[in-house]
Amino acid sequence: MTGTAPVPFTADDYKARMDRAARQAADAGLAGLLVAPGPDLVWLTGYAPPAVTERLTLLVLAAGREPVLVVPTLEAPDAEKATGAPALALRDWTDGKDPYALTAALLDAQGRFGVSDNAWALHLLGLQKTLPGTSYVSLTEALPMLRAVKDAAELERLAAAGAAADAAFEEIGNVRFSGRRESEVAADLAALLRRFGHSQVDFTIVASGPNGANPHHEAGDRRIERGDMVVLDFGGLRDGYGSDTSRTVHVGEPTEEERRVHDLVREAQEAGFRAVRPGAACQDVDRAARAVIADAGYGEYFIHRTGHGIGVTTHEPPYMIEGEEQPLVPGMCFSVEPGVYLPGRFGVRIEDIVTVTEDGGRRLNDTERGMVTVD
């Protein structure tokens, strides 16, 4: 099962994204945006350089101006092939020339610019030296919601990625756990994600027994034993969009306490999901899930935020955490993933990707959330 290929994005799609980004920058009081190679550049233009090097590549966006992509001459042919290339102008520079002087000519010499988070310090410092009157702010700080609201085509890709992750979970339940190393089960999960259409696997957490109390445990050499609770958290990119799901299984029959904690986390996850609706604040989702766990006396063992956004990366704004008052808007996609982690004993996490609809929320993962036993 790999599914049908999604409808490709067009040059008009990328033009609309660049126009929107430039308008949002102006509304935020910025002179423009400077976007280096990475997920923002891919989302805005469809262009991913063949290799990220010390040579400057930078998209310059400003309201009322044509978008310009500054690229090394030797990579210009690749940039010209990008789907979004017809919606922008290319300015190339050759080795031995000053790319900062070329870029500076495109900028307001006294402007404040939003800069993609993964821009190299080397390049920002080069621009500051050339234009000492400029200042910069990270894109996540200035425009945290830039990529947060997905259109119908993006939602379709996220749903397909979620379905592929679900298929991987259904298959992993048929794999033997007892007596095998965590790393072996993690390798099985990675292979399943690729079989079901993922081009990139970002993580395959397999945390057994006491390792389950570490939310970001990396699968290691521990042999899984009968009686272990096992947290599975896995995801990656399919057709350029992310998946991320967690389920907690048990090797053999669980104890009464293990079942009770698992049921508690499932109830908290349901409460978080039910809190999703347009106009609610991100923190309301966190509060709803956290209250269930706290009321049961396990509040100190829920040690992370309830969720994070997902799109062209598997972790991005918005974040479901106390203090985040950003209202939910239809088209936002994020995880709802409460957990309980008992040090030295076991952990439980249940996670779905959820999208905000006009009247509530819709899950993009739908595998069994109750206790699943494996061999």
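The lining of the largest pocket in this predicted model divides into 14 nonpolar, three polar and three charged residues. In total, 20 residues line this pocket, and those nearest its centre are Y14, V42, W43, G240 and V312. Two elements, α1 (11-27) and α2 (39-45), each give two or more residues to the lining of the largest pocket. The largest share comes from α2, with three residues. The space in the largest pocket amounts to about 310 Å³.

An open sheet is formed by six strands in the order β4-β3-β2-β1-β5-β6, with mixed pairing. Each of the edge strands, β4 (89-93) and β6 (135-138), has a single partner strand, so one side of each is left without a neighbour in the sheet. From one strand to the next, the twist averages 25°. In general, the strands of a sheet pair through backbone hydrogen bonds, in either a parallel or an antiparallel sense.

Strand β1 (residues 32-35) runs antiparallel to strand β2 (residues 58-61), and three bridges join the two. Within this pair, L34 has V60 of β2 as its bridge partner. Helix α5 (residues 121-130) packs on the sheet and touches β1, β2, β5 (112-115) and β6. The direction of α5 makes about 155° with that of β6.

The pairing of β1 with β5 is parallel and extends over three bridges. L34 takes part here as well: the bridge partner of L34 in β5 is V115. Thus L34 has a bridge partner in β2, namely V60, and another in β5, namely V115. The pairing of β5 with β6 is also parallel, over four bridges, and R112 stands opposite S135 in β6. Together with α5, the strands β5 and β6 make a right-handed β-α-β unit.

Enclosed space was examined next. Empty space that is left among atoms can be shown by rolling a probe the size of a water molecule over them. One cavity of 30 Å³ or more is found in a search of the whole structure, and the volume of the largest cavity is about 40 Å³. The residues lining the largest cavity are L34, A36, L58, V115, A119, H123, L124 and L127. L34 and V115, which are bridge partners between β1 and β5, are thus both among the lining residues of the largest cavity. Helix α5, which packs on the sheet, gives the largest share of the lining of the largest cavity, three residues. By class, the lining of the largest cavity holds seven nonpolar residues and one polar residue, with no charged residues. The lining of the largest pocket, by contrast, includes three charged residues.

Two local backbone features lie outside the six-stranded sheet order given above. P317 and P318 are joined by a cis peptide bond, with omega at about 5°. P318 lies in strand β12 (residues 316-320). The other feature concerns D239, a residue other than glycine with a positive phi, near 50°. D239 is placed in the loop between β8 (229-238) and β9 (241-242).

Note on methods. Residues are numbered from 1 along each chain as its sequence is written. This is a predicted model: local features need pLDDT of at least 70, side-chain atom pairs count only at pLDDT 80 or more; totals for chains, interfaces and linings use all residues. Side-chain values use heavy atoms; hydrogens and water are left out. On a 1 Å grid over the protein atoms alone, a cavity is a set of points where a 1.4 Å probe fits but cannot get out, and a pocket is an open set with protein on both sides within 12 Å along at least five of seven lines; lining residues have an atom within 4 Å of a point. Grid points are joined across faces, edges and corners, and a volume is the space filled by probe spheres set on the points. Ala, Val, Leu, Ile, Met, Phe, Trp, Tyr, Cys and Pro count as nonpolar, Asp, Glu, Lys and Arg as charged, and the others, Gly among them, as polar. Two strands pair if DSSP finds at least two bridges between them. Axes are lines fitted to C-alpha atoms, for helices over the stretch in contact, and angles run from 0 to 180 degrees between N-to-C directions. Contact means heavy atoms within 4.5 Å. A crossover is right-handed if, with the strands pointing away from the viewer, the path from the first strand over the helix to the second runs clockwise.
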